Amino acid sequence: FRKGKEDHFWIQSVDIGEIKQFVIEHDNSGFGSAWYLDRIVVEVQETKVKTIFPCNKWLDKHEGDRQIVRTLLPGTIYVLSITTGTESGAGTDANIFVKLRGLKGNSEEIKLKKSTNHKNKFKTGKTDIFYLGQPDLGDITSISLRSNDKGSGADWLVDKIEVVNETTKVTTKAKCNFWIGRKKILEQEFNLT
């Protein structure tokens with residue numbers, strides 16, 4: 001259960017049918033027991049059917065909402081690609097947060113912590129990819145980006161956004177060409193088509 005790592009477990013069981021929820025907890029004992037759980041993926045080996053249980057929360061008595069038990073419901077993975085513009089100073093060192101709005105619901109605000117393809121995210125001319133496990137929000141119709149406006153070069157030129165619903169394979173996107181942080185506009189919503 002190390003930061004940024006995936007752990008795999010094989011469990012032999014009788015067929016229990018469709019998994020409708022997943023309850024996970026820990027006893028909060030030991031040094032460094034705080035655990036941020038991104039998601040759980042259950043795959044039935046015989047059928048290769050995968051069920052995703054997004055969490056995106058801490059299991060800890062001192063972090064977040066201070067809960068150490070989570071009841072997770074099935075969801076989906078949204079692949080978010082954000083391209084930073086190519087103008088001088090387009091990249092940012094600020095923390096960036098996102099809210100997804102879909103046909104079936106909206107996400108909570110999510111901090112974009114780790115790009116899957118770049119160590120230093122949101123650099124000039126680069127596209128960063130994030131895998132976001134969420135309850136089934138349906139296909140994404142809009143996205144809100146927010147900056148905390150911290151760090152040197154906090155202004156950020158968002159060139160384009162693309163979101164793929166991994167369940168339906170539907171892709172929605174927007175051409176943005178919008179500065180977040182300039183003129184103190186720290187949050188912007190973009191409609192996706």
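Is Trp-156 buried or exposed? In this predicted model, Trp-156 has a relative accessibility of 0% and counts as buried. The residue belongs to strand β10, which spans residues 156-165. The analysis below begins with the aromatic rings, then turns to the nonpolar cores, the strand pairing and the cysteines.

Aromatic pairs number five. In one of them, the ring centres of Tyr-36 and Trp-58 are separated by 5.5 Å. Their planes meet at 75°, so this pair is edge-to-face. Tyr-36 sits in strand β2 (residues 35-44), and Trp-58 sits in strand β3 (residues 49-59). The two positions are 22 residues apart in sequence, so the contact ties together separate parts of the chain. Tyr-36 is partly exposed, at 30% relative accessibility. Trp-58 is also partly exposed, with a value of 28%.

A second pair joins Phe-122 and Trp-156. Here the centres lie 4.7 Å apart. The planes are at 55°, so the arrangement is tilted. Phe-122 is placed in the loop between β7 (110-111) and β8 (127-135), whereas Trp-156 is in β10. This pair links distant parts of the chain, 34 residues apart. Phe-122 is buried, with a relative accessible area of 1%; Trp-156, at 0%, is buried as well. Ring pairs extend the group to Phe-130, giving a cluster of Phe-122, Phe-130 and Trp-156.

Two arginines lie over aromatic rings. Arg-146 is found over the face of Phe-97, 4.3 Å from the ring centre. For Arg-182, the charged end is positioned over the ring of Trp-179, at 3.6 Å from its centre.

In soluble globular proteins, nonpolar side chains tend to be buried together. The largest nonpolar core of the model contains 24 residues. Leu-80, Val-98, Leu-112, Ile-143, Leu-145 and Ile-161 touch the most other members. Elements giving two or more residues to this core are β5 (75-84), β6 (96-102), β8, β9 (140-147), β10 and β11. Strand β10 supplies the largest share, four residues. Leu-112 has contacts with Leu-80, Ile-82, Ile-96, Val-98, Lys-121, Phe-122, Phe-130 and Leu-132, when residues up to four places away in sequence are not counted. Two members of the aromatic cluster, Phe-122 and Phe-130, are thus among the contacts of Leu-112. Another core lies apart from the largest one and has nine residues. Trp-35, Leu-37, Val-42 and Cys-55 are among them.

Strand β5 is mostly covered, with 10 of its 10 residues buried. This strand pairs with β8 in the antiparallel sense, over nine bridges. Within that pairing, Leu-80 has Phe-130 as its bridge partner in β8. Strand β5 also runs antiparallel to β10, and seven bridges join the two. On this side, Val-79 is matched with Val-164 of β10. In a regular strand the side chains alternate between the two faces of the sheet.

Strand β10 pairs in turn with β11 (residues 171-180). The sense is antiparallel, and eight bridges are formed. One of the bridge partners is Ala-174 of β11, which faces Ile-161 across the pairing. The hairpin of β10 and β11 has five residues between the strands. In this hairpin, Lys-169 takes a positive phi near 65°.

A separate description applies to β7, β6, β9 and β12. These four strands form an open sheet in the order β7-β6-β9-β12, with antiparallel pairing. Strands β7 and β12 (187-191) stand at the edges. Each has a single partner strand, so one side of each lacks a neighbour in the sheet. Five bridges join β9 to β12. Among the residues in this pairing, Arg-146 has Glu-187 of β12 as its bridge partner. Arg-146 is also the residue that lies over the face of Phe-97.

How many disulfides does a search of the whole structure find? The search returns zero. Cys-55 is buried, at 9% relative accessibility, and is one of the residues of the nine-residue core. Cys-176 likewise counts as buried, at 14%.

Technical notes. Residues numbered from 1 in each chain as written. Predicted model: local features only at pLDDT ≥ 70, side-chain atom pairs only at ≥ 80, totals over all residues. Heavy atoms only, no water. Phe/Tyr/Trp six-rings, centres within 6.5 Å; stacked < 30°, edge-to-face > 60°. Buried < 20%, exposed > 50% of the residue type's maximum accessible area, 1.4 Å probe, protein only. Lys NZ or Arg CZ within 6 Å of the ring centre and 35° of its normal. Pairing = 2+ DSSP bridges. Core = buried A, V, L, I, M, F, W, Y, C linked by side-chain atoms within 4.5 Å. Contact = heavy atoms within 4.5 Å. Disulfide = S-S within 2.5 Å.
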